[in-house]
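Please open the structure in your viewer and keep the selection tool at hand. We shall go from one element to the next, pausing at each stop.

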Amino acid sequence: MPHPSSTLSRQYLILADDLSGAADCAAGFAMAGWRTQVLLRADEGCDQHGISADVLTIDTDSRRDAAESSAAKLRNALAQHGAGRTVLKKIDSTLRGGWAAEVAALQSALGQIALVIPSFPAMGRTLVDGIVHVRGQRLADTDTWQLEHANQEDRPAQMLRNAGLHAENVALDVTAQGARAIVQWIEQAQARGVHALVFDVVSDADLQMLAQASIEARNAFSVCSAGLSHAIAGLTQAPDSPSLAAQSSVQQGGVITLVGSMSAVAREQLCFLATQPEVRVHEVAPALLRNDASIDVPQLQSLQQMLQQQMAQGLDVVVCIGTDAAFNPAEGPQLATRLAQALGNTFKQATGMVLTGGETARAVLQQLGIHCLQVRAESEPGVVLSQSVSTSISAPQWIATKAGAFGNAPSLHRAIAAIHARQQDTNRGIMSAHLPVIGITMGDAAGVGPEIIVKSFAS
């Protein structure tokens, strides 16, 4: 396999349908030395000092869109930023959203064959005999799929066929023959008029081989989760051009974490945070956020005062949106937006933010006027550290984003600790793409919030 230095560098355009996935897909390139930015809007730019990004990632915010709407967003992003860039289409590793229709739209616009590789073995996502598995369990049998897509097709090749593409599966024995054999298979499929190939993957070695083949293949674009993008970043040479240094921030004090995901993993992470002596966790009833006047609700004003007092004392604060009998997961972004409106000053004063759930993260950042992120590193796989760019906030902030279902119990706590470490390093002029291992200390829950409506999660 070629050494990275022997592979010609190029520029990339990554198109993602949600924000946490966009940052996750870009992080591998950032840690390999590429200038990497994430845009929340295709018509926004965030060049710094006349230096553009080597890897530009655009969140089209299209996971819940109808096919025509998502296709229009993709065409707009291509028209504005696609010239001279190799395209990667980021999809969810568990096939959420209208990804197949988006691939069909991109295949038509680019006139290239789609190499569909959603697997991320390091996160337990594999593809065997054309079927996605999550930690060994078929995707269709997982609780998440049953909750959102019960009785719907879960085979990616068939999903692509349903979107109008000629799609075929590629078995592991093809990948085992090496990158050159994979490229020949791609060329033969192109000659047969195939629009998309779906590749089986069970190991990181499979992913590395497919990454090399995707680099060598002509007239092809990759459709992938963050697993393949990290592998590609490790095989390609970052352009030899000025880097974008981290910017110092004047904020000192606590980090604010907002959890909008209702996944079991997110709840486990909240419970862990509630045991930490330096953390205060508060739950907000969704009923407070369901009307346009929510910003003026006295309970939320009281919560904002409490959060600011706690952060001024050097504590880290966590806010989660609760559930009730009327709760619908689809209302999550709207509730997060209203919470960000009510707590806007608190977010702006924080040393940094940890935002879990892509739609939650986007809602908060848009409310704060942040439309571009400079991706820096990961605190762990799937948890991405960035700095805000072109913002109404007086100084850049460190922002960690994470998909709701990623990580284990201490993941959010590690992200908070990583922001504190990065803040200190940046203000001392130290910058490294690789984060130190951060120790976790268990403690007793100690948070107290406004009674009944806004409450301590641990109480």
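In what sense do strand β17 and β18 pair, and over how many bridges? Keep in mind that this is a predicted model, and select residues 383-389, which form β17, together with residues 398-402, which form β18: the two strands pair in the antiparallel sense, over five bridges. To find one of the contacts, pick Ser386, whose bridge partner in β18 is Ile399.

Next, add residues 352-356, which are strand β15, and you will see that β15 and β18 also pair over five bridges, here in the parallel sense. Gly352 is a good residue to click on, since its bridge partner in β18 is Trp398.

Now stay with β18 and show its side chains. In a regular strand the side chains alternate between the two faces of the sheet. On one side of β18 you find Trp398, Ala400 and Lys402, on the other Ile399 and Thr401, and all of these are buried, which leaves both faces covered.

For the last stop, select residues 19-31, which make up helix α1. At 1.5 Å a residue, its 13 residues should span 18 Å, and this agrees with its end C-alpha atoms, which are 18 Å apart. Follow the helix to Cys25, where α1 bends by about 25°. Twelve of the 13 residues of α1 are buried, so the helix is largely enclosed by the rest of the structure; among the buried ones are Leu19, Asp24, Cys25 and Phe29. Finally, step just past α1 to Gly33, which takes a positive phi of about 100°.

Technical notes. Residues are numbered from 1 along each chain as its sequence is written. This is a predicted model: local features need pLDDT of at least 70, side-chain atom pairs count only at pLDDT 80 or more; totals for chains, interfaces and linings use all residues. Side-chain values use heavy atoms; hydrogens and water are left out. Helices (H or I, at least four residues) and strands (E, at least two) are DSSP runs, numbered from the N terminus. The expected span of a helix is 1.5 Å times one less than its number of residues. The bend at a residue is the angle between axes fitted to the seven residues ending there and the seven starting there. Buried means under 20% relative accessible area, exposed over 50%, partly exposed in between (1.4 Å probe, protein chains only). Two strands pair if DSSP finds at least two bridges between them.
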